[in-house]
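Work through the exercises below with the model open. Try each task before reading its solution.

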Amino acid sequence: MKILLIEDSRFLRAAIDRSLVKAGHEVTSTADGREGLVAARRCIPALILLDMMLPGLDGTCVLRELKQDASTAKIPVIVLTGLSQKNEAKLKKAGAAAYIEKSSLDLKKNPNVLVQAVASILGTSSIVSSGPQQSNAVNADPEADKAACRASGAGK
């Protein structure tokens, strides 16, 4: 399956990419929110793994844009974040299919966490991988999120 990974940490991006490829997926990755939107619209992946704190356009804006665009609205998005689990409901309400705390990803100790989450969302069976570290932020105020997206040029 085609998976788009939007993650700015080079280390985490490489680790997740390796794990997903090992599990049989085709991975395209970007390190920037705007590039991620372009890639999503260009390659129409089966699933998107999305970091929340990104250069160019933050993950909250990327998620909103993906869900408002008819060509990408139905693509499931798994949010990767360093934020506490109390934000899970907000992210799911915004359209995320799943939420994974980066602190729970450890390729060396439990290489199956991420790949199992991907398989669950895609409805497939897989056995391998995951990915570690980093931090992110989601604005708790939806109106502030919209203003930040407008200010950053989302959707242009």
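**Exercise 1: Strand register**

In strand 2, the bridge partner of Leu5 is Ser29. This is a predicted model. Task: find which residue of strand 2 stands opposite Leu4, and state how many bridges join strand 1 to strand 2.

Solution.
- Step 1. Locate the strands. Strand 1 covers residues 2-6, and strand 2 covers residues 26-30.
- Step 2. Read off the partner. Opposite Leu4 in strand 2 stands Thr28.
- Step 3. Count the bridges and take the direction. Strand 1 and strand 2 run parallel and are joined by 5 bridges.
- Step 4. Check the cover. In strand 1, 4 of the 5 residues are buried, and the strand is mostly covered.

**Exercise 2: The sheet**

Task: give the order of the strands in the sheet, and name the edge strands.

Solution.
- Step 1. Start from the inventory. The chain has 6 helices and 5 strands. Their pattern along the sequence is β-α-β-α-β-α-β-α-β-α-α.
- Step 2. Take a pair from the sheet. Strand 3 (47-51) pairs with strand 4 in the parallel sense, over 4 bridges. Ile48 has Val77 in strand 4 as its bridge partner.
- Step 3. Assemble the order. The 5 strands form an open sheet, 2-1-3-4-5, with parallel pairing.
- Step 4. Find the edges. Strand 2 and strand 5 each pair on one side only, which makes them the edge strands.
- Step 5. Add the twist. On average, neighbouring strands of this sheet are turned by 20° against each other, direction ignored.

**Exercise 3: Two faces of strand 4**

Task: sort the residues of strand 4 by the way they point, and decide whether they are buried or exposed.

Solution.
- Step 1. Recall the rule. Side chains of a regular strand alternate between the two faces of the sheet.
- Step 2. Sort. Val77, Val79 and Thr81 point one way from strand 4, while Ile78 and Leu80 point the other way.
- Step 3. Test burial, with under 20% relative accessible area as the cut-off. All of these residues are buried.
- Step 4. Conclude. With 5 of its 5 residues buried, strand 4 is therefore largely enclosed by the rest of the structure.

**Exercise 4: Helix 2 against helix 3**

Task: classify the packing of helix 2 and helix 3 as parallel or antiparallel, and list the residues in the contact.

Solution.
- Step 1. Choose the descriptors. Packed helices are described by the angle between their axes and the distance between the axes.
- Step 2. Take the values. Helix 2 (residues 33-43) and helix 3 (residues 59-68) pack at about 20°, and their axes are 9 Å apart.
- Step 3. Apply the cut-off. Angles under 35 degrees count as roughly parallel, so helix 2 and helix 3 are roughly parallel to each other.
- Step 4. Give the handedness. The crossing of helix 2 and helix 3 is right-handed.
- Step 5. List the contact. Helix 2 supplies Gly33, Leu37, Ala40 and Arg41, and helix 3 supplies Val62, Glu65 and Leu66. By class, this contact has 4 nonpolar, 1 polar and 2 charged residues.
- Step 6. Place both helices on the strands. Helix 2 lies across strand 1, strand 2 and strand 3, at about 170° to strand 1. Helix 3 lies across strand 1, strand 3 and strand 4, at about 155° to strand 3.

**Exercise 5: Thr30 and Ala39**

Task: decide whether Thr30 is buried or exposed. Then do the same for Ala39.

Solution.
- Step 1. Place the residues. Thr30 sits in strand 2, and Ala39 in helix 2.
- Step 2. Compare with the cut-off of 20%. Thr30 has a relative accessible area of 10%, so Thr30 is buried. Ala39 is at 1% relative accessibility, so Ala39 counts as buried.
- Step 3. List contacts, leaving aside neighbours within four places in sequence. Thr30 then touches Leu4, Leu5, Ile6, Glu7, Arg13, Glu35, Gly36 and Ala39. Ala39 touches Leu4, Thr30 and Ile44.
- Step 4. Add a distance. From C-alpha to C-alpha, Ala39 and Thr28 are 8.1 Å apart, and they are 11 residues apart in sequence.

**Exercise 6: Helix 5**

Task: name the buried residues of helix 5, and say which elements they pack against.

Solution.
- Step 1. In helix 5 (residues 113-122), Leu114, Val115, Ala117, Val118, Ala119 and Leu122 are buried.
- Step 2. These residues pack against strand 1, helix 1 (10-22), strand 3, strand 4 (77-81) and strand 5 (98-101).
- Step 3. Look past the end. Gly123 follows helix 5 and has a positive phi, near 75°.

How values were computed: Residues numbered from 1 in each chain as written. Predicted model: local features only at pLDDT ≥ 70, side-chain atom pairs only at ≥ 80, totals over all residues. Heavy atoms only, no water. Axes fitted to C-alpha atoms, helices over the stretch in contact; angles between N-to-C directions. Parallel < 35°, antiparallel > 145°, perpendicular 65-115°, else oblique. Left-handed = near helix turned anticlockwise from the far one by under 90°. Contact = heavy atoms within 4.5 Å. Nonpolar A, V, L, I, M, F, W, Y, C, P; charged D, E, K, R; others polar. Buried < 20%, exposed > 50% of the residue type's maximum accessible area, 1.4 Å probe, protein only. Pairing = 2+ DSSP bridges.
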